[in-house]
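Trainee: Could you take me on a close look at one part of this structure? I would love to hear about the nonpolar core, and about one chain that contributes to it.

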Amino acid sequence: MAKKLVIPIGPQHPALKEPASFDVTLQGEKVENILVKLGYNHRGIEKACENKPYLHDLYLIERVCGICSHSHATCFLQAVEEIAGLNVPMRAKYIRSIIGEMERIHSHLLWLGVAAHEIGFDTLLMYTWRDREIIMDLLALLTGNRVNYAVNILGGVRKDISEEEKGQILKAMDVLEERTKYYAHVATEEITIKKRLSKVGYLSPEDAVKMGAVGPTGRASKITRDIRAEDKYAAYGEVDFKVISDDNCDVFGRAVVRIGELMESYSIIRQLIKKLPVTPLKVPAPLRIPAGEAISRYEAPRGEDIHYVRANGTDKPERVKLRAPTLANVQSVSTMLQKGYLADVTIVIAAIDPCFSCTDRMIVAVNGKDEMTWKQLRQHSIDWYKKNRGVDFTKVKLGIK
Amino acid sequence: MENNHPMVEKIISKYPALSDKIKIQRENRLWMKIDYPDFRKFLEFAAADLKVDIFCMLTGLDEKENYSFIYHMADLNGLMLNIETSVPKTNASIATITDLHPAAELQERELTDLLGVTIEGMPKGQRYPLPDDWPEGEYPLRKDWTADRLDKKAEDING
């Protein structure tokens with residue numbers, strides 16, 4: 001019988017793109033238990049929102065996440081607009097959906113690259129990230145920014161899409177569709193990928209429901225739920241699209257779902273561009289929002305994003321609460337890893353497409369202690385790991401003076 | 001108040017006392033208030049009879065005398081039922097719902113860390129989301145809490 005071993009992955013670890021901590025208990029090579037600790041990215045956004053006017057909150061909330069910034073901003077605004085009774089013009093709704101789908105494309109392409117990298121297939125990483133540049137350039141062209149597009153304003157959008165830009169979008173969709181077909185071919189038929197991803201990180205449909213998995217993670221476990229179809233916010237009531245799901249229930253299924261969603265996004269954007277109605281871009285919005293409450297749902301690239309806003313009649317909200325999709329998905333990670341192998345841990349974590357910045361939102365500067373020197377900082381981390389993890393790093397000598 | 005929503009009718013037929021506590025905001029958004037002692041039974045009824053069994057989010061609110069909690073629940077057709085309940089600040093304690101909805105775990109831990117509400121029957125586990133060395137008795141989401149309290153505390157400790 002092999003000895004049990006606890007391996008701390010994180011809070012800082014080369015395999016993680018953001019700080020989170022996973023304590024993996026191993027029996028030989030097999031994962032026996034996994035303990036998740038989050039909160040390292042908590043920045044105090046919900047509390048800060050209560051002390052700032054709605055207009056400032058919009059830009060603050062856009063910074064909850066670097067990748068799904070538009071998702072959070074739109075989700076927040078939909079709630080505020082519902083409370084204020086604003087009737088957002090159709091063209092603005094269309095533009096919000098177009099930018100939202102572009103965000104999904106860039107996020108899914110990014111994920112495909114990261115997932116490929118985690119299984120050692122860096123050629124695919126280079127390919128997908130090269131193609132992702134097409135959509136990043138397009139977003140920069142439309143909004144002026146590659147991330148944090150700030151295209152939303154209360155009551156509409158701030159920027160129109162011109163005829164010339166429409167042509168460029170359609171052209172880019174053709175190129176990307178061609179490329180994605182190739183990736184679909186590679187990901188589903190390349191034998192090494194198939195073998196590496198199949199039966200890894202299994203999440204049964206029952207467990208997915210129980211743990212509250214959302215987005216592609218849930219849809220890969222046969223849960224055909226998509227807020228775009230359920231709630232028909234923005235312009236999603238005006239377009240036809242399929243909710244992609246898969247019955248593999250593993251990492252392979254999650255890849256298939258995301259590639260399928262890319263194809264749907266191209267089709268949605270084409271339909272929206274074709275039907276883009278001619279209306280004003282915004283309605284005037286008041287600075288003071290009447291008392292009331294609303295909840296808004298949004299299908300972000302990673303799953304359902306929810307924002308709750310309570311207004312009290314002033315220019316600042318009484319309470320803003322948000323739930324990012326990773327918070328819903330991260331609880332299923334330990335189920336996915338049960339009886340799995342250590343070597344699968346990183347790809348299984350990557351497969352929920354975690355975004356811990358979204359998940360954690362809320363800390364303020366911890367204290368006003370004097371700054372630490374590099375030596376003190378190193379000592380602090382050695383002590384921390386010794387006390388909290390039972391790992392002794394004192395014997396590790398680094399060439400630091 | 002109009003109650004011509006099929007789900008509202010179902011709720012009222014079982015709980016007639018709630019008839020003036022339900023608000024239909026629009027087709028897919030229902031808001032309701034319920035006294036805390038009746039809450040748990042209602043949550044079970046919502047899951048079993050109304051098929052509102054997807055736990056989405058839990059919001060904690062600091063109101064003058066009370067802490068309020070809104071359980072945002074959904075069904076498969078896109079309907080969202082927001083159930084609000086509250087407990088007095090003098091007895092800030094609620095029971096966990098993780099036995100019914102395991103997905104609520106992290107959000108209940110948030111209430112403990114940020115509002116200082118005790119959750120009865122919570123399984124053992126890591127705190128979330130504040131750091132392990134967060135000073136005790138500091139609950140940042142309370143309305144009377146401001147960030148400079150931390151600076152003062154650090155001054156007291158460090159001189």
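Mentor: Happy to, and here is a walk through chain B and then the core. Keep in mind that this is a predicted model, with an ipTM of 0.92 and a pTM of 0.89. For chain B the average pLDDT is 89, and 93% of the residues score at least 70.

Let's begin with how chain B is built. The chain has 4 helices and 7 strands, and if you follow the sequence they come in the order α-β-β-α-β-β-β-β-α-β-α. The C-alpha trace of chain B spans about 65 × 30 × 25 Å along its principal axes. Chain B has 159 residues, and 34% of them count as buried. Take the contacts in chain B with a separation of 6 or more: 43% of these join residues 24 or more positions apart.

Now for the core itself. In soluble globular proteins, nonpolar side chains tend to be buried together. Here the largest nonpolar core holds 141 residues, and those touching the most other members are A:Phe76, A:Val80, A:Ala115, A:Val348 and B:Met73. So which element gives the most to this core? That is helix α4 of chain A, residues 90-118, which supplies 12 residues.

Let's zoom in on A:Val348, one of those well-connected members. Setting aside neighbours within four places in sequence, A:Val348 is in contact with A:Val200, A:Gly201, A:Val251, A:Val333, A:Met336, A:Leu337 and A:Gly340. Try finding A:Val348 in the 3D view and tracing each of these partners, including A:Val200 and A:Gly340.

How values were computed. Residues are numbered from 1 along each chain as its sequence is written. Chains are lettered from A and ligands numbered from 1 in the order in which they are written. This is a predicted model: local features need pLDDT of at least 70, side-chain atom pairs count only at pLDDT 80 or more; totals for chains, interfaces and linings use all residues. pLDDT is the predictor's confidence in each residue, from 0 to 100. Helices (H or I, at least four residues) and strands (E, at least two) are DSSP runs, numbered from the N terminus. A residue is buried if 20 or more other C-beta atoms lie within 10 Å of its own, exposed if 12 or fewer, and partly exposed in between; C-beta atoms are placed from the backbone. Two residues are in contact if their C-beta atoms, placed from the backbone, lie within 7 Å. A nonpolar core is a set of buried Ala, Val, Leu, Ile, Met, Phe, Trp, Tyr and Cys residues joined through C-beta atoms within 7 Å.
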